[in-house]
Amino acid sequence: MHNSTDRVIDDPQSDLFVIKSIPGKGYGMFAKRDLQCGTIIVCEKPLMKYPNGSPPWLLEAIYDKLDSETQRRIRFLSASKPWKHPLDSICETNSIPLAHGSEEKGVFYYISMVNHSCESNTFWIWFDYNNKQEMKLIADRRIKAGEELVCSYIERFQTRQRRHEFLQYTWLFKCQCYVCEQHEKDKELDELYASLSKNYDYIMDFDSKVSEEHIKRFLKSVKFVQEHYHNSLIQMFLLHLCILLPCCMLKKWEDALKYAKKAIFLGRMIYDDDYERYLITVKDIIMAKVPMKHRIGFDKYLV
Ligand SMILES: [Zn+2]
């Protein structure tokens with residue numbers, strides 16, 4: 001829902017998406033044509049960024065320093081708790097953390113209009129390199145022309161009840177996406193969906209003990225993402241990145257190289273010209289852990 005009915009949204013002038021008004025839901029972003037997985041749909045600088053937990057007076061001080069056009073765009077955005085301080089509510093409703101675990105949040109114009117779905121078809125990712133600071137919205141799978149572009153506002157792989165608690169707390173709405181509908185009817189599927197997070201935690205916990213169970217959970221998670229989550233680009237990338245160290249610790253060199261190649265392939269689709277930074281993680285692991293004789297011919301994947 002936007003704050004001012006007498007204004008229309010600025011035309012994004014994009015070949016890839018349009019912003020349309022949805023009855024009862026405010027605005028939403030839609031694909032203008034078929035989009036391939038990995039397509040960068042929009043790339044935007046924040047209208048405003050601020051430290052997490054900023055009180056309203058600090059938000060006001062940051063806002064006051066912005067030019068009038070940027071201020072106009074911020075005021076255009078929706079506020080789900082209109083009884084609160086207006087700018088505070090706009091920020092709460094529209095902000096996106098700048099990178100995972102970041103201390104800063106940003107408010108965007110078009111990207112902040114992307115609606116939530118637990119069955120998201122896009123993801124956003126913060127790029128901070130070469131003096132450029134931009135949020136990119138990327139297609140997580142193939143998307144058909146006319147489809148609404150949706151993203152998950154919360155950690156996706158939780159039970160329906162947990163997801164609804166989080167969404168209700170900040171955005172005051174009840175998600176009625178296809179996944180939520182299915183999970184209401186099928187509790188087992190709901191638990192299976194939530195188990196993906198547990199599998200991630202398990203795979204990532206390799207400090208003291210790594211076992212075949214790590215590989216088992218990885219393969220189970222890959223299967224889940226293929227069957228239930230449209231082969232999600234970002235989830236597949238993260239899974240393949242996470243399993244590299246456990247594979248090396250188990251001396252499963254062939255698997256380590258196989259999954260490293262996949263991580264490199266998917267990482268290139270996501271990180272594009274900022275790719276080198278992410279390649280280093282894969283490169284470091286393989287070079288440090290896999291004995292030379294087991295990685296002959298692998299170097300060509302690292303350039
Ligand atoms: Zn949902």
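Domain bounds here come from an automatic or database domain assignment. On that basis, this protein splits into domain 1 (17-171) and domain 2 (186-302), and the centres of the two, taken over C-alpha atoms, sit 28 Å apart. Keep in mind that you're looking at a predicted model. Here's a quick tour, starting with how the domains meet.

**Where the two domains meet**
- On the domain 1 side, 14 residues are in contact with 15 residues of domain 2.
- Strand S8 supplies the largest share of that domain 1 side, with four residues.
- Sort the domain 1 side by residue type and you get seven nonpolar, three polar and four charged.

**The nonpolar core**
- The largest nonpolar core has 58 residues, and Ile111, Leu244 and Ala263 are the ones with the most contacts inside it.
- Both domains chip in, as this core draws at least three residues from each of domain 1 and domain 2.
- What does Leu244 touch, if you skip residues up to four places away in sequence? Its contacts are Ala256, Tyr259, Ala260, Ala263, Val282 and Ile285.

**The SET region**
- UniProt, in an unreviewed entry, places the feature "domain: SET" at residues 15-154.
- Over residues 15-154, the chain is 19% helix and 36% strand.
- The end C-alpha atoms of that stretch are 28 Å apart.

**An open sheet of four strands**
- Strands of a sheet pair through backbone hydrogen bonds, either parallel or antiparallel.
- Here, four strands line up in the order S1-S2-S10-S7 to make an open sheet, and the pairing is mixed.
- Strand S1 (17-22) and strand S7 (115-116) are the edge strands, so each of them pairs on one side only.
- S1 runs antiparallel to strand S2 (residues 26-31), and six bridges link them.
- To find one of these links, look for Phe17, whose bridge partner in S2 is Ala31.

**Strand S9 and its partners**
- Strand S8 (residues 122-129) pairs with S9 in the antiparallel sense over eight bridges.
- Phe123, for one, has Ile138 as its bridge partner in S9.
- S8 and S9 make a hairpin with two residues between them, and Asn130 in the turn has a positive phi of about 45°.
- S9 (residues 132-139) also pairs with strand S3 (residues 40-44), again in the antiparallel sense, over four bridges.
- In that second pairing, Cys43 is matched with Lys136 of S9.

**Two buried residues to look up**
- Ser152 sits in the loop between strand S10 (148-151) and helix H4 (160-171).
- Is Ser152 buried or exposed? Ser152 counts as buried because it has 21 C-beta neighbours inside 10 Å, and the cut-off for buried is 20 or more.
- Not counting residues up to four places away in sequence, Ser152 touches His116, Ser117, Cys118 and Ser120.
- Ser152 and Ser197 are 45 residues apart in sequence and 15 Å apart in space, C-alpha to C-alpha.
- Ile203 lies in helix H6 (residues 187-204) and is buried too, because 22 other C-beta atoms are within 10 Å.
- Leave aside its neighbours within four places in sequence, and Ile203 is in contact with His214, Arg217, Phe218, Cys242, Ile243 and Pro246.
- From Ile203 to Lys144 you'd count 59 residues in sequence and 34 Å in space, C-alpha to C-alpha.

Notes:
Residues numbered from 1 in each chain as written. Predicted model: local features only at pLDDT ≥ 70, side-chain atom pairs only at ≥ 80, totals over all residues. Core = buried A, V, L, I, M, F, W, Y, C linked by C-beta atoms within 7 Å. Buried ≥ 20, exposed ≤ 12 C-beta atoms within 10 Å, placed from the backbone. Contact = placed C-beta atoms within 7 Å. UniProt positions renumbered as here; feature names shortened; annotations may be inferred. Nonpolar A, V, L, I, M, F, W, Y, C, P; charged D, E, K, R; others polar.
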